[in-house]
Amino acid sequence: MAEPLDHMTHEEALAALTWQLELGADEAILEAPLDRYAEAAAARKPATKPAPVAIAPPPVEAGTEALAAAAADLDQLRAAIDVFEGCALKKGARNLVFADGHPGARVMIVGEAPGRDEDSQGRPFVGRSGQLLDRMFQAIGLSRTAEDPAQALYITNALPWRPPQNRDPSSDELAMMMPFLKRHIALAAPQVLVTMGNAATKSLLQTSTGITRLRGQWHAFDAVPLLPMFHPAALLRDPLKKRQAWADLLALKARL
Ligand code: URA
């Protein structure tokens, strides 16, 4: 039986270990006995089964297009996005943020991506930016709670999951989710699109021109008139921009 070690000094314990190593005891003893002969025999046996062939997954872009196209209505589209595992943002998000408001509304708003409040409630534009957005559109008689499609809003985002720490969406993330957004617009079939901020505007218009130059004029996405506006978060940071935002709201009102 081994001697208890608590009477040994550090030097004595080290010397004992060195001595064992010199004798060839260089492996710790396992809890269960190990049959080294069986292990060696198994190592000599040729493998009988061929190694499984790795099949490359289909390209994510192709998958996204096909999934989006297969959605026949908004419920199916939401379900398709909910099960889509290609975008890493989903792993860090608490909820899918699909849309809010009236799906038959004349006006569809496309924002950037959910923030913390949106992520926890699963609805777009419910935090500080969202409260300003509601007040802005109420000023021209439009609301997400209106039942009449003529006065209603339908609201979504370019990305349905919150980017970590509210960082800007990457161009890869926006491109990956774009087929879903395009299908979302096609299924909601609004008369007018309003994009809030750079990410939504640049992705839908396929341009690198920034919002400051794009706003103030009508554009089109798939033949739907599109009005780019400053993001409400930009208006909160720089209230001087509110004058231009008001001009854009009046242009929208006149168009409707
Ligand atoms: N900003 C956005 O662009 N979308 C939201 O839903 C919230 C904040």
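**View A. Helix H9 in the predicted model.** Helix H9 spans residues 198-205, and 6 of its 8 residues are buried, so the helix is largely enclosed by the rest of the structure. The buried positions are Ala199, Ala200, Thr201, Ser203, Leu204 and Leu205. Among the elements that cover them are strands E2, E4, E5 (219-221) and E6, together with helices H8 and H10 (211-214). Just after H9, Gln206 adopts a positive phi of about 55°.

**View B. Strand E2 and its two faces.** All of E2 lies in the interior: 5 of the 5 residues are buried, so the strand is largely enclosed by the rest of the structure. In a regular strand, side chains alternate between the two faces of the sheet. Val107, Ile109 and Gly111 are buried on one side of E2, and Met108 and Val110 are buried on the other, so that both faces are covered.

**View C. Pairing of E2 with E3 and E4.** E2 pairs with E3 in the parallel sense over 5 bridges. E2 is also joined to E4 by 4 bridges, and these two strands run parallel. Val110 can be followed to both neighbours: its bridge partner in E3 is Thr156, and in E4 it stands opposite Thr195.

**View D. The buried and exposed sides of helix H7.** Helix H7 comprises residues 128-138, in which Ser129, Gly130, Leu132, Leu133, Met136 and Phe137 are buried. These residues cover an arc of only 160° around the axis, which puts them on the same side of H7. An α-helix has 3.6 residues a turn, so residues three or four places apart point the same way. On the face turned away from the buried side, H7 carries the exposed residues Arg128 and Arg135.

**View E. Surroundings of the buried residues of H7.** The cover over the buried residues of H7 includes strands E2 (107-111), E3 (153-157), E4 (192-196) and E6 (224-229). Helices H11 (232-237) and H12 (242-255) are also included in this cover.

**View F. Packing of helices H4 and H8.** Helix H4 (residues 74-82) packs on helix H8 (residues 171-188) at an angle of about 165°, with the axes 10 Å apart. Angles over 145 degrees count as roughly antiparallel, which makes H4 roughly antiparallel to H8. The H4 and H8 crossing is left-handed. H4 contributes Leu74, Leu77, Ala80 and Ile81 to the contact, and H8 contributes Met177, Phe180, Arg183, His184, Leu187 and Ala188.

Conventions:
Residues are numbered from 1 along each chain as its sequence is written. This is a predicted model: local features need pLDDT of at least 70, side-chain atom pairs count only at pLDDT 80 or more; totals for chains, interfaces and linings use all residues. Side-chain values use heavy atoms; hydrogens and water are left out. Buried means under 20% relative accessible area, exposed over 50%, partly exposed in between (1.4 Å probe, protein chains only). The arc is that of the directions from the helix axis to the C-beta atoms. Contact means heavy atoms within 4.5 Å. Two strands pair if DSSP finds at least two bridges between them. Axes are lines fitted to C-alpha atoms, for helices over the stretch in contact, and angles run from 0 to 180 degrees between N-to-C directions. Angles under 35 degrees count as roughly parallel, over 145 as roughly antiparallel, 65 to 115 as roughly perpendicular and the rest as oblique. A crossing is left-handed if the near helix is turned anticlockwise from the far one by less than a right angle, and right-handed if clockwise.
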